[in-house]
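Hi,

Here is the structure I promised to send you. Have a look at it first, and then read my notes below.

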There are 2 protein chains.
Amino acid sequence: MTTEHLVIFTPSGKRGRFPEGTPVLQAARQLGVDLDSVCGGRGICSKCQITPSYGEFPKHGVTVQDGALSEWNSVEERYKSKRGLIDGRRLGCQAKVMGDIVIDVPPESQVHRQVVRKAATARDITMDLATRLFFIEVREPDMEEPTGDLERMAEALKLQWEIDNVRVDASVIGKLQTTLRKGKWQVTVALFQDHRGEAPRIVEIWPGLHEGGLFGLAIDLGSTTIAAHLCDLATGEVKASSGVMNPQIRFGEDLMSRVSYAMMNANGASEMTKAVRVAINGLVQSLATEAGVDPSLIFEAVIVCNPVMHHLLLGIDPVELGQAPFALATSNSLSLNAIDLDLDQVNKRARVYLLPCIAGHVGADAAAVALSEEPNKSEDLALIVDVGTNAEILLGNKTKVLACSSPTGPAFEGAQISAGQRAAPGAIERIEIDPVTKEPRFRVIGVDLWSDDEGFSEAVAGSGITGICGSGIIEAVAEMRIAGILDPSGLIGSAEQVGTPRCVPEGRTNSYVIHDARAEGGPLISVTQGDIRAIQLAKSALYAGARLLMDEMGVEKVDRVVLAGAFGAHISPKHAMVLGMIPDVPLEKVFSAGNAAGTGARIALLNKASRSEIEKTVHQIKKIETAIEPRFQEHFVNANAIPHAKDPFPELSKIVSLPQVGFNTKGDGGDGGRRRRRG
Amino acid sequence: MTTEHLVIFTPSGKRGRFPEGTPVLQAARQLGVDLDSVCGGRGICSKCQITPSYGEFPKHGVTVQDGALSEWNSVEERYKSKRGLIDGRRLGCQAKVMGDIVIDVPPESQVHRQVVRKAATARDITMDLATRLFFIEVREPDMEEPTGDLERMAEALKLQWEIDNVRVDASVIGKLQTTLRKGKWQVTVALFQDHRGEAPRIVEIWPGLHEGGLFGLAIDLGSTTIAAHLCDLATGEVKASSGVMNPQIRFGEDLMSRVSYAMMNANGASEMTKAVRVAINGLVQSLATEAGVDPSLIFEAVIVCNPVMHHLLLGIDPVELGQAPFALATSNSLSLNAIDLDLDQVNKRARVYLLPCIAGHVGADAAAVALSEEPNKSEDLALIVDVGTNAEILLGNKTKVLACSSPTGPAFEGAQISAGQRAAPGAIERIEIDPVTKEPRFRVIGVDLWSDDEGFSEAVAGSGITGICGSGIIEAVAEMRIAGILDPSGLIGSAEQVGTPRCVPEGRTNSYVIHDARAEGGPLISVTQGDIRAIQLAKSALYAGARLLMDEMGVEKVDRVVLAGAFGAHISPKHAMVLGMIPDVPLEKVFSAGNAAGTGARIALLNKASRSEIEKTVHQIKKIETAIEPRFQEHFVNANAIPHAKDPFPELSKIVSLPQVGFNTKGDGGDGGRRRRRG
């Protein structure tokens, strides 16, 4: 009988006895230990690296002696000399069990390894890819048994990887024969395995061992901005992130104007479909270039978006989303070929996954936020606000989750703001206004100094000071209110009323000048009465949506607020609360989740089990329709003011004394100059 | 308790007792009687027509009285007045059981009805379609339960038809909402259900009841000719049939010249791929026009072809098929999107099924012949020869089937023949030569008279006499041999040797003039020595292939011969045997199967179970490789002569006395003028 030895794997703690000479990889597989391998134990892919431990292990009740693994062999030596191997590491497929042994599987050797997310409150992502690589050795053809190369390849996948019933596109079959012969009957295949149990598809084939990696896209398709991460599917790492304006803006700034455009123009919907697809292709191309990634190695994309963007991306006329009952063409998740969406800057057999929509006005982006922030697993009552041109709002805990969307308009993204701009170098992102002197200081994106710090002028010379981004305008309005430049109704005082020459008349209202570089040929950056009205409308819509959910939940307050959105991370919680964007909670209970929708997309990209999870979760989320809810209008109207009354920040109250009555100017009442000008 | 009545269905004989008032359709479904319905019993599709029988039925032990079915109702009346209904017919969904009843289900009301094939020896085809229509009523959207239209449609398919887990392309989702609303939430969907158990796919949707039908294509993609049937999938009927030359001919006349072209030219394979796809599109377009069929109603195509055509159609470089071990890129059947093969003259979501290949030189066309002719079910030993540029040969019975292919070249299709042409009006298709006078008489395609019949000149005036088609050249050569114009080596005698001025010198050899219209500005149609050599090469290859299989089977003779091929139906068995194309069997044991490959394609089109069947069958067929088999060469050389020695037709021997020695002319020996000229 063969001698058997105890093998203990860490960190899993899995253990078993194996005959002397068993390769570590084989022992790991038999125990179900998560040890990666692409080459199937041939000593060429190095994915199965392990670290043997020697010495006494009282915890495990074992003593590991030298010689517990077979000697370092020529395969490992060749690998180390060619590619490098950390000292102490062995290849699991080469090292054989020769005595009792404790073996550590380092994170990078685990298939289901954790990807650490930056946001402190967020769980990590466990890698569980839909597209994976498999190295196979294919039997050579034989005249006696005339099966095709593809059939022998399928046989190899079955025998060497226990993967059965593979499907393949005609375009892969076309390159099969040359690739197999170039690889001398050794090839790597990329296999896409759907989370819904469809037959696995061979999406790519390379001669020999493919070492160029696999990449994927997590795309957050917003009404105003399209943001995307290009991820390395081997490590989960984000290789490049970028955003572009959604070119559909030229057809309408907010969702309902785009729906109207589709209604009023025969080819309106298809024009918008084409525009967004072209923009995504451009974005993908620039991401690939930035990261130095071959676009044909991008095999998957996960896209999240609101229902109107969702339909326009898919080539569906969104007209039904513009009228009750706001019927979606499809609400379930979709798994499509990228090429069916004209996405041609990726591998031509790449797959696209679209998260499910929650309802006609609560889209796959809200689902992605739910996947990322998991209100359905929260112990306390969390209000999650994804701020964008359309805000997605989730309220709930593990007993119940409600969702709605609220049409905030593009003001929070710096659009419809006189000096507004995208968050880019040169944009003012932080503002403070001295409540006594009414003088502003600010910071611009890309520069670490404040505008009154020494060296600021030199530091800002590159980008210039070009405008105000979304987080900047929020701070500006809140600071103007704190400094007494705005009255509670949102009216900007005159120079005399406020006591600063920065308040200048503009038409029948006033503006507040933040930065005036006109003398040097630069811009005039000011906050106009119209800007204030736009922000008031946006924040009222946001607040009304949150209140509506609180009413439905039967609560007067929430335990915590999570600000999300492409620029959610940049919003100052204090200013958001001064402005009345969000219900009052203690400041330390306001968290920033960054681009939670984008993160949700990234989770779905890296972990296919999460796709099943969110598909299940969305059915448990109760959707509230703001568009037909009278209380929404009521909350909206009530939220228009910036009363600064329920002030949660005593430290602010100490600094500023707020005017209790409004300014009286030229008949422009509290209902907003912008509305009247437009009306 | 409700009264129950006995219901007996014919022709199935299925019977059961049902409560009074049960609709006949429901009774049929419960008993598993094959009664069609698209609308699911709503009285609008008329597919469930039945004929009740009244009176005494001693065989069934029942007497059916008037009133055994509910009275003719307004739904039936409306249907009859609008669309017509044969007298005595009822709609199974409207007529309710009110007494013991015998109900006949006419063939056209059966889903699995039989399509009668013309060839007398062939079994009928049982309809069992992969693409079928389903009429559904979809629940309207509701704000309270925000599922998408697609999800409610899937729900309807599940509730109303027990079809679960449907998939849908993005392009169908795009038209979902308008179609549902146009149809007032009643729509017809076309569902493709793969024979391999993949999830069903919605491939089309129409408002209300779709009455425009569904169509499919059975395509026989040959080296020289592409032939196709356009079939009505409702009836199985062939609506139009047509053929075009394979434009790949310009890259090489036979398979190996095309493989060479691909080897010698960088884009050779893709040029040929493009050419054949364009030609198929053109053919489909002309078929649809001819049949008056909307191309977007063509949902399926089944394509059969030899391995080189198969690979070139798929965009696979066929280079491996040109060298041992003749490895196919893929041998299994393929189920693809038509659009992946650039087939754009069909519905854009149409599917293509390619039959499996048997081996590197024995393709899906041979598999289709096997499906049509079923040698694997034959009691006697059948030799099936599919004559084309490449001949597919099957030999076997229910214990064993062997297959090979043989490179006959295009001579049998009238190509490489001096006066050769496609089988089309004006082509000589039958020839007789008087053994005494050596004068020919002939018939041309499209005219029922022989050339020496009265009125022939007038009858032929339309088309003219333009050339000789494949069957014509076979008869010509055989008749020339019978008439002593050819010696056993295949040499044409001179005018003096043969004793007719129709033998005229041409270079160093002689030609035999069949028709000379040069005086009237018409063509000279003659058989040259080169033509004889081409036919000798072709028939030797065919015969050698058959002999090789017989050797492998260990037999000296076969029980029957089936001649197949696009023009197989037109070959005269007698002449084929005189020529030595096929082994000797009694003349009544030679059958014509017409275009058996095309028929196999049609079977696979109309009966999806046959796809599984042939996929299983091909694995049981043993393939013999002619290209590397020394005995093939031996048989080929031995078969070159036209000895007419083992004459199975005593009646011929009585008529003609064959010259026992060859003609001696100008040094052109028995190895063929054509070869030497080319060499």
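Between the C-alpha centres of domain 1 and domain 4 of chain A there is a distance of 49 Å. Please keep in mind that this is a predicted model, so every value here is computed from predicted coordinates.

Where do those two domains sit in the sequence of chain A? Domain 1 covers residues 4–109, while domain 4 is built from two stretches, 374–409 and 535–655. The other domains of chain A are domain 2 (130–207), domain 3 (215–367) and domain 5 (411–531).

Now for chain A as a whole. Its C-alpha atoms fit in a box of roughly 100 × 65 × 55 Å along the principal axes. You will find 18 helices and 31 strands in chain A. The chain has 679 residues, and 53% of them count as buried. If you take the contacts in chain A with a separation of 6 or more, 68% are between residues 24 or more positions apart.

Next, the place where the two chains meet. How many residues of chain B are in contact with chain A? There are 37, and they touch 37 residues of chain A. On the chain B side, helix H3 (149–161) and helix H4 (170–182) each supply at least two residues. H4 of chain B gives the most, with 5 residues. Sorted by type, the residues on this side of chain B are 19 nonpolar, 9 polar and 9 charged.

Happy exploring, and write back with any questions!

Best wishes

Note on methods
Residues are numbered from 1 along each chain as its sequence is written. Chains are lettered from A and ligands numbered from 1 in the order in which they are written. This is a predicted model: local features need pLDDT of at least 70, side-chain atom pairs count only at pLDDT 80 or more; totals for chains, interfaces and linings use all residues. Helices (H or I, at least four residues) and strands (E, at least two) are DSSP runs, numbered from the N terminus. A residue is buried if 20 or more other C-beta atoms lie within 10 Å of its own, exposed if 12 or fewer, and partly exposed in between; C-beta atoms are placed from the backbone. Two residues are in contact if their C-beta atoms, placed from the backbone, lie within 7 Å. Domain bounds come from an automatic or database domain assignment. Ala, Val, Leu, Ile, Met, Phe, Trp, Tyr, Cys and Pro count as nonpolar, Asp, Glu, Lys and Arg as charged, and the others, Gly among them, as polar.
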